[in-house]
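Please work through the following exercises with the sequence and the coordinates at hand. Each task is followed by a worked solution.

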Amino acid sequence: MTSFRSLPLLFFGALCAMLVVPASGSAQWLNRYPKVAGYNHHVYLEGYELPLLTNGPIDPAPSPDGSRIAFSSRGWIWIMDLSTGVAERFSKSGGLDSRPAWSPDGELLAFVRDNDHDTQIVIASAVSGAELSFGDTPAIDLDPAFSTDGSELFFSSASAGDLDLWAISTATGEQRRVTTERGIELRPQPAADGLLYLAKSDRDRVMWAPATGGPATVLLEANIASMARPALSPDGSSIAINWPTQEGWELRLVNREAPDPSILLSQGGMPLTPAWGAGGEWIYFSEADAEQRMVLKRIRAVGGAIEEVPVHVWNWGEPTATLRIRTTSVAGGPPVPARLNVLDGKAHAVIPNRSAARFDGQNGRVFFYSPGVIELTVPVGAATVSAVQGLATPEVTRSVQLAPQFITEVELVLEPVWDARAAGWTSGEHHFHLNYGGPYDLAPSDLVPMMKGEALDIATPLLANLHNRFGDQDLWGWQKSDASPMIRFGQEVRSHFLGHVGVFGTSQLFWPWVWGPGYQVYGADDRANAEALQHARDEGGIGYYVHPVQPRGIERATPWAESEWSALAPSIPIELIADAVLGDLDALEVVCLWSDEVSTTQVWHRFLNLGIPVAPSAGTDVMTDFYRTMAVGTARVYANTGDGLNWPTYLSALRAGRSFVTNGPMLDFKIGGAGPGEIAAAGSTSWTLTLGSASAVEGVEVLVNGEVVWSGEGLDSPGSQDFSGELVLPAGGWVAARAVGGDATWPAMANYPFAHTGAVWIDEVGSSDPEVARAAATDLLAALEVARARLTQGYGDTPIPTLLARMDAAQRWLEERAAP
């Protein structure tokens, strides 16, 4: 028997001595939670592997005697009597509690507690609820599971750098490291004769490690299995697993000793976190409904119909109240959509009864959307409500006291610092993914409340591959064009090796979606990204590079300081320079959460200095089906469309560079009466600039040919300010305005505030200053040489005459302009 009182303190504190080095600051978002060694894309780790906050049951764990089932909902652990459907709230912390696991005797529950920047394992008495924990170590700890005899607790921990499996004795506190492989290991499922677990490195694999020792064997594997989780049957013979396919998700049954072929239990939908019932008759799982509420379900191991396991009563264990939140643009006025963050008296996130909540990984805040009026169930006592609408609205916060059995209404008035539509600007976001293997299967219409809450006019979600799966193809051609918000699908074409290209405004998909080194199929294709860019032009659309410059390991005085060019060159996509100088590039994603704005502008400015009219664009690159994802539209472009709000007008303005890009600040810049994408005369002329921001921004600048010719202090609080001055413009080149620096806070979700206007051209579009152009060509030649070396090394002995010919042509073009 595992006794709660007999568990030694050493057991709960043993991991405190295991330390990891925290991730250093960076110019682009890299990670919120402690960095896991050897894991390149932390956005995937945090999106796929960390706990979920849902408004229905997730992570079901049937009790050993089969009478109850534990699960997570609203960020707490609940235990439900399966005979009555009454769920009792078990945990009441301010953190996110999830992934419960019973001890074999049913006396203990182990689970994960998430404090918004780290996770730890908590052990609690299943009778009294009294808690002990491992302590708050500076490492990610996940997926507790007791051994079949209760003598050990297995779990996943990054205490030694990467996420390995560990086991700790419940009697002595002695710990041992179970796995040491490269990559991450999760979801331990102990059996008497071995251990089942999930391993992720170059591929995702379900593994079996025999108790007698020897190497672990691969039972199943796939590329990016995302939310797949194996569950071992009570007798250890079978594995239930939710598994992704090209057609969607399946729930399958696998024989542990002979895993191929498997048995299909269900197809369609998106079953999550499967778990076996005590006797092995039932497999429980969770699945989101059309309103993104998690529903507990089960199916017999022998197959048959799926049954819902309803929760008839939610017993919170304390009085609750109803909080009605009303957001308006003027006091007492009609309701307006908003993004909300609500906390109870313990700073626990409150979420709605319908629709999914999400987690802002930059600021560590749970958020959701309201159509203007929404009612929430909240424990009585204090509650704090915060609201914004898009990037132009400063955050408004109200605190209220809630009484039991009463409806308390609170109104928050949201007043933007700048009215973009009244000034003739249309907002757009051109790089995010509707569905990307997360816990929800979204429909395009699910974007509408998000866009309204973000005051976003136009969005082009991009279809993209999850390695060898090409999702959401059935949505190609779907569009909403009747009124704002407007939606039309685009595509992300991914030669990982050459650089990712975005395409939108086209009627046909580009094929292939992927090629180049790193892919098993099309890996030797001698194909240029220019094919996808030309496809966009042929169909009247726009082609652009996405998340282009992601510097690593470069020391800078501040995150928004410029990098040394020689250090930056290896971070530039291999084909970007050739595509730009050969005239194939329409736009560049200057603002993106996963790349660095200042570093990207260093490359973009050199294109402009050569008279190459590349327009700025912006996109978040978020996955809207994730729980852990920043808000759509928190990186965006504003195009000057005047009174028009339609696709043709918007695309024309965007292509011409009549725009500015931002992750927060707003810029309205004119010089000689001309705005971005237009033409100003050389010589002495006046300029005006309006800076608006919903949060502080450090500085604002006017640039001529990439050099700062005027600078001023930004804003130390939300508001707007007008600037003006006189300049003498040279005979050729471009002018732009930029705002940058400071701490990004809500409504922003970026590392630092940044905005940049498109180029105002001097005398004619594509003009340049010969001396400035010569310097730009020299710099790009050096970076092109780095790109050529990476290209030839990556393709090895594979003949690539097409790609090398483009490199040669770009080199000749630049050499002509670099010559004295």
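The exercises below treat helix packing, sheets and buried loop residues in a predicted model.

**Exercise 1. Classify the packing of α7 against α9, and state which residues meet.**

Step 1. Helix α7 covers residues 597-609 and helix α9 covers residues 770-795. Their axes lie 8 Å apart, and the packing angle is about 130°.

Step 2. Angles over 145 degrees count as roughly antiparallel and 65 to 115 as roughly perpendicular, while the rest above 35 degrees count as oblique. The angle of about 130° therefore makes α7 oblique to α9.

Step 3. The crossing of α7 and α9 is left-handed.

Step 4. On the α7 side, the residues in contact are Arg606, Phe607 and Asn609. They meet Val772, Ala773, Ala776, Asp779 and Leu780 of α9. By class, the contact of α7 with α9 comprises 5 nonpolar, 1 polar and 2 charged residues.

**Exercise 2. Determine how α9 and α10 are oriented to each other, and describe the composition of their contact.**

Step 1. Helix α10 is formed by residues 801-818. It packs on α9 at an angle of about 160°, with 8 Å between the axes.

Step 2. The cut-off for roughly antiparallel is an angle over 145 degrees. The two helices, α9 and α10, are therefore roughly antiparallel to each other.

Step 3. The crossing of α9 and α10 is left-handed.

Step 4. Among the contact residues of α9 are Ala773, Leu780, Leu784, Leu791 and Tyr795. Those of α10 include Leu803, Met807, Gln811, Leu814 and Arg817. The contact of α9 with α10 divides into 14 nonpolar, 3 polar and 5 charged residues.

**Exercise 3. Give the strand order of the sheet that holds β15, and locate its edges.**

Step 1. The sheet is open and has 4 strands in the order β13-β14-β15-β16, with antiparallel pairing.

Step 2. Its edge strands are β13 (184-191) and β16 (217-222), each of which pairs on one side only. From one strand to the next, the twist averages 20°.

Step 3. Strand β15 (residues 204-210) is joined to β16 by 5 bridges. Within this pair, Arg205 stands opposite Glu221 in β16.

**Exercise 4. Carry out the same analysis for the sheet that holds β50.**

Step 1. This open sheet has 3 strands in the order β48-β50-β53, and the pairing is antiparallel.

Step 2. β48 (666-671) and β53 (719-729) are the edge strands, each pairing on one side only. The twist averages 15° from one strand to the next.

Step 3. Strand β50 (residues 683-693) pairs with β53 over 11 bridges in the antiparallel sense. Gly683 stands opposite Leu729 in β53.

**Exercise 5. Decide whether Leu50 and Thr629 are buried or exposed, and list their contacts.**

Step 1. Leu50 lies in the loop between α2 (42-49) and β1 (58-62), and Thr629 in the loop between β45 (615-618) and β46 (636-640).

Step 2. Buried means under 20% relative accessible area. Leu50 has 1% relative accessibility and so counts as buried. Thr629 is also buried, because its relative accessible area is 6%.

Step 3. Leaving aside residues up to four places away in sequence, Leu50 touches Tyr33, Leu45, Arg99, Ile140, Leu142 and Arg628. With neighbours within four places likewise set aside, Thr629 is in contact with Arg358, Phe359, Asp360, Phe367, Val622 and Met623.

Step 4. The C-alpha atoms of Leu50 and Asp118 are separated by 9.8 Å, and the two residues are 68 residues apart along the chain.

Key:
Residues are numbered from 1 along each chain as its sequence is written. This is a predicted model: local features need pLDDT of at least 70, side-chain atom pairs count only at pLDDT 80 or more; totals for chains, interfaces and linings use all residues. Side-chain values use heavy atoms; hydrogens and water are left out. Two strands pair if DSSP finds at least two bridges between them. Axes are lines fitted to C-alpha atoms, for helices over the stretch in contact, and angles run from 0 to 180 degrees between N-to-C directions. A crossing is left-handed if the near helix is turned anticlockwise from the far one by less than a right angle, and right-handed if clockwise. Contact means heavy atoms within 4.5 Å. Ala, Val, Leu, Ile, Met, Phe, Trp, Tyr, Cys and Pro count as nonpolar, Asp, Glu, Lys and Arg as charged, and the others, Gly among them, as polar. Buried means under 20% relative accessible area, exposed over 50%, partly exposed in between (1.4 Å probe, protein chains only).
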